[in-house]
Each structure stands twice: as structure tokens, then as C-alpha cells.
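Student: Could you take me slowly through a single part of this structure, the open sheet, and show me what is placed around it? I would like one connected account that I can follow with the model in front of me.

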Amino acid sequence: MTLESALDRVGELIAATAREHHCPTISWAVAIDGHVVAAEAHGRLADGRSPSRHTVYRIASMTKSFTAATVLALRDEGLLTLDDHLTELAPELASVVGPTTDAAPITVRHLLSMAAGMASDDAWADRHLDIDAAALEALLVAGAAFAVDTGTAFEYSNLGYALLGRIVDRLTGTRVQRHVIDRFLGPLGMDRTTWTRPDHDDWAPPHEVVGGVAEPDRLEPLADGEIAPMGGLWSTTADLCRWMTWLDDATPARDGDDGGPLCRASRREMQQIQRYSCVKLIAGRPAPTGYGFGLMVREDDVHGRIVGHSGGLPGYGSNMRWIAGRRIGVVALANVKYAPMGELTLRMLDVLGDHDALPPVAERGGRQSLADLERFAKLLVDLLAGWTDEAADALFADNVGLDEPYASRAAAAAELVERMGAIAIDRVVASTSTSASVTVGNGAGATETVSFDLTPLIPRRIQSYLIGEEAD
């Protein structure tokens with residue numbers, strides 16, 4: 001199987017999804033190793049054209065990742081901390097406090113990670129993107145409604161991201177929209193991504209389903225406003241492939257140049273679960289899921305950590321999704337109300353996996369490189385092949401002999417050699433920067449696994465190792 005066959009199957013999947021959910025168009029793309037390897041579309045626009053990778057759709061809540069990146073950039077510059085209180089940063093929002101007198105103060109971290117407790121508000125917020133600052137403040141005079149106690153559970157809040165926009169404006173005197181343009185869209189070359197409806201004809205008009213038929217939306221798309229930091233951006237599959245690739249390039253951690261709109265550490269921070277949500281069922285597969293900063297994170301039993309975000313507004317449904325550190329991302333944009341693109345993108349990754357079209361898993365190593373782990377692996381296997389206490393003393397931390405006497409360890413090594421014969425390393429796989437799994441073979445097809453962990457201090461020593469079935 002090949003990438004070509006995988007993309008053929010993805011095209012069939014897109015067409016089936018469009019039929020099932022009455023999508024006039026679905027524009028989709030696959031990015032691998034920083035390159036768009038496929039960018040196609042199903043359906044036609046009103047003028048008969050097929051959408052291209054540059055056709056603009058509204059991406060709704062996918063916008064949150066851009067707002068979150070802006071807040072983290074300001075944090076990195078020292079203008080705020082994630083544990084600053086909302087009312088300290090924007091005193092005019094003093095009415096926005098928790099539901100009880102003993103509630104924790106709402107912080108930037110709470111807002112970024114959907115942990116403030118304010119009620120989920122998709123239906124309301126989606127119709128108020130264009131509200132102005134004075135109107136928003138007037139609505140907040142009586143305070144906000146809370147579904148759960150502040151800081152105790154995940155509760156998706158668009159209003160929370162509007163408040164982040166207010167914080168950015170208050171601290172810098174500049175709207176978060178302008179920061180996103182100057183800090184990210186410009187430097188990353190995302191030239192077709194805007195906060196306002198395109199002023200050209202290459203965009204997908206919104207639709208709604210009425211009686212099983214997609215019809216043009218009755219209302220014009222809402223303009224940019226104070227709630228737009230939660231979902232106001234318009235974009236394309238080509239631009240979103242740039243965004244996904246740039247975010248994912250932060251993994252793995254490494255030495256070297258770290259310039260650019262946001263440092264790699266902060267990009268990785270966005271892609272870690274900051275607030276657990278639930279075990280979420282998508283495409284028939286459950287997985288623990290949580291919210292990072294402006295991104296959803298799924299610990300998938302098939303692909304590992306998957307990062308992304310959906311978007312839904314009247315007239316549009318969208319999703320971007322990538323496998324963390326794997327250099328593979330997919331995006332799907334549809335122009336019908338709340339089209340469920342999140343299930344589609346997961347199935348797209350599944351198809352790529354089924355056709356062996358996913359990039360290989362990158363070896364992990366970071367500062368403690370794979371070369372260093374390979375050196376320790378060789379020393380350990382050499383010791384097991386011909387044990388001496390002197391070599392063990394040079395290789396092991398002082399706890400090793402205390403945990404199990406050398407005589408017992410030497411006997412286990414001798415049993416391995418008796419069973420396997422001459423042994424050599426076939427492969428070393430880094431689990432983390434300080435642990436690895438080693439496959440050893442005898443040249444006749446027999447293999448065994450040895451795993452080890454290094455000490456937490458320098459100079460490094462092996463603090464533990466396991467042979468055989470016990471090795472993980």
C-alpha cells in the first residue's frame with residue numbers, strides 16, 4: 001500500500017461524509033514533513049468552481065489556538081503570568097467572579113484551559129461574534145453564569161476566550177486580532193487568513209440544512225467583534241497546514257535555534273492536557289481527552305497523542321488534527337452549519353495508517369541524545385555477554401548492587417548467554433531521554449529485550465535494567 005492509495009481512499013471518505021451530512025463542499029488537505037501532499041475538495045461552489053487549497057472558509061473555534069498562542073507570547077515577554085487573576089489584569093471585569101464566595105479567583109490559566117467553570121455557550125456565542133466592547137461590558141455587569149466551580153472541571157467557554165481578548169487589549173492597548181496578524185499570520189505566510197470576510201470571490205458561502213437539503217444561510221456571516229477571539233478567523237487548507245506544521249515542529253524538544261513567533265517550549269505547552277475532559281468517543285474509538293491551551297488533546301490508543309481543534313458556526317464546520325511529533329496533519333473545512341469534521345479527520349488519519357502512509361515514529365532523545373543511549377546500551381549488553389564486577393561498578397549507580405546482589409545479576413546474565421549464545425544489539429529505541437529498550441539477537445533469529453533507565457544526575461549511570469519478559 002502507498003500514499004497514493006491512501007489518498008484515493010481518503011477521497012472516497014470525504015465524498016461519503018459530504019453526502020451523509022449534506023455538505024455543499026468539503027475542502028481537505030494532508031501535510032507530511034512540512035509539505036502539502038494532497039489538497040483537494042468535494043463539491044462545487046455556487047459559481048460552479050471546485051474549491052482549491054486557497055478557498056476561504058470560516059474556521060470558528062479553531063481560532064482559539066491563535067488567541068492562546070498570543071497570550072503565551074505575552075507571557076513569555078513578561079507582560080503577564082498564567083496565574084494572574086482576571087480582575088487584576090482587567091479591573092472593569094470585576095463582576096466576573098466564581099459562583100460562590102469561596103470560589104478560586106479566575107486566572108488566565110483557567111480561561112486558556114477551559115477551567116474557569118463558566119457555562120458552555122456555543123449556541124449563544126456563535127450569534128454574538130460581532131458584539132462591541134461596550135455591549136460586552138454591559139452584558140457582564142451582572143456577572144457570568146457558572147456550570148461548575150472554578151478550577152474543578154472542564155467546561156467549554158467561548159466567553160472565556162473573549163475575556164482573554166479583553167486582557168490582551170488592556171495590557172497592550174492593541175486588540176488580540178492585531179497581535180495574531182502581526183505575530184503569526186504575517187511571519188508564517190498565512191496570507192489568506194483574516195478576521196473579516198474575504199474581499200475577493202474565492203470563498204465558500206455558508207449553508208444550513210433544511211429538510212435534508214443544504215440551502216444558503218439566511219443570515220450574513222457575523223463581522224469581527226469582541227467575542228471573535230474565540231472563533232472569528234477565516235482561513236484555507238493551505239494556511240492551516242502551515243499552522244499545524246509550525247505547531248507540531250516544536251516536538252521533540254531539542255537544542256538549536258529557537259527563533260520565530262513563539263518558542264518551542266510554549267508551543268509544546270499548548271499541546272499538553274492542561275485540564276482533563278473525559279473519555280471521548282470519536283469514530284467508534286474512545287480515548288482520554290482534555291484541553292491544552294487553545295487545542296484539544298487526545299491520548300489515542302492507535303496513533304498516540306493527537307492534537308487539534310474543531311470549529312463550528314452557523315454555515316460552517318471544520319477540524320484540524322495532527323499526531324504529535326509525527327510530522328503528519330490533516331484538515332477538513334465544510335460550508336454547512338456545524339458539519340462534524342472532527343470524526344472525518346480522525347478517520348483520515350486512520351486511513352493513512354491503514355495504508356502505511358504515516359511517517360515513521362521519530363526516535364526520542366532530546367538533550368540526552370539517542371547516541372548517548374546507544375552507548376549505554378552497548379556497555380550494558382557487553383556486560384551481560386561477559387560479566388565482571390569491575391565493569392558493573394563502572395556502569396551502574398550505587399543502588400544497583402543494593403537492589404539485587406551482583407552474584408544474582410551475573411547468574412541471570414550467564415543464563416541469557418547460555419540460552420541465546422553470542423548476543424549483539426539489533427535495535428535501540430528511546431522511550432525518553434533517560435530510558436531505552438534494546439533488542440538483542442543471536443544471528444539465528446532469536447531475540448530478547450533489555451530495558452534500562454539512567455540516573456537523574458550527571459554523570460549518567462544506569463540505575464536499573466530488566467531482561468526478558470519483565471522488560472517493558
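Tutor: What follows goes from the sheet as a whole to one pair of strands, then to the helices beside them, and finally to a single residue. Please keep in mind that this is a predicted model.

The sheet is an open one of eight strands, which run in the order β2-β1-β12-β11-β10-β9-β8-β7, and their pairing is antiparallel. At its edges stand β2, residues 35–43, and β7, residues 275–282; each has a single partner strand, so one side of each is left without a neighbour in the sheet. If you compare neighbouring strands while ignoring their direction, you will find them turned by 20° against each other on average.

Now look at one pair within that order, namely strand β1, which covers residues 25–32, and strand β12, which covers residues 328–334; they are paired in the antiparallel sense over seven bridges. A useful place to rest your eye is Trp28, which stands opposite Ala332 in β12.

Helices pack on this sheet as well, and two of them can be described from the strands we have just met. Helix α1, residues 3–21, packs on the sheet and touches β1 and β2, with a direction that makes about 155° with that of β1. Helix α9, residues 237–248, also packs on the sheet, where it touches β1, β2, β11 (316–323) and β12, and its direction makes about 145° with that of β12.

For the closest look, move along to strand β10, residues 304–313, where you will find Arg305. Is Arg305 buried or partly exposed? Its relative accessibility is 30%, and because buried would require a value under 20% and exposed one over 50%, Arg305 counts as partly exposed. Leaving aside neighbours within four places in sequence, the residues in contact with Arg305 are Gln271, Gln272, Val297, Arg298, Glu299, Trp322, Ile323 and Ala324. One of these, Glu299, deserves a second glance, since its side chain is joined to that of Arg305 by a polar contact of 2.8 Å. You can also find Gly325, which lies 20 residues from Arg305 along the chain, while the C-alpha atoms of these two residues are separated by 8.7 Å.

Definitions and conventions
Residues are numbered from 1 along each chain as its sequence is written. This is a predicted model: local features need pLDDT of at least 70, side-chain atom pairs count only at pLDDT 80 or more; totals for chains, interfaces and linings use all residues. Side-chain values use heavy atoms; hydrogens and water are left out. Two strands pair if DSSP finds at least two bridges between them. Helices (H or I, at least four residues) and strands (E, at least two) are DSSP runs, numbered from the N terminus. Axes are lines fitted to C-alpha atoms, for helices over the stretch in contact, and angles run from 0 to 180 degrees between N-to-C directions. Contact means heavy atoms within 4.5 Å. Buried means under 20% relative accessible area, exposed over 50%, partly exposed in between (1.4 Å probe, protein chains only). A polar contact is a pair of N or O atoms within 3.5 Å; within protein, one must be able to donate a hydrogen and the other to accept it, and residues adjacent in sequence count only if both atoms are side-chain atoms.
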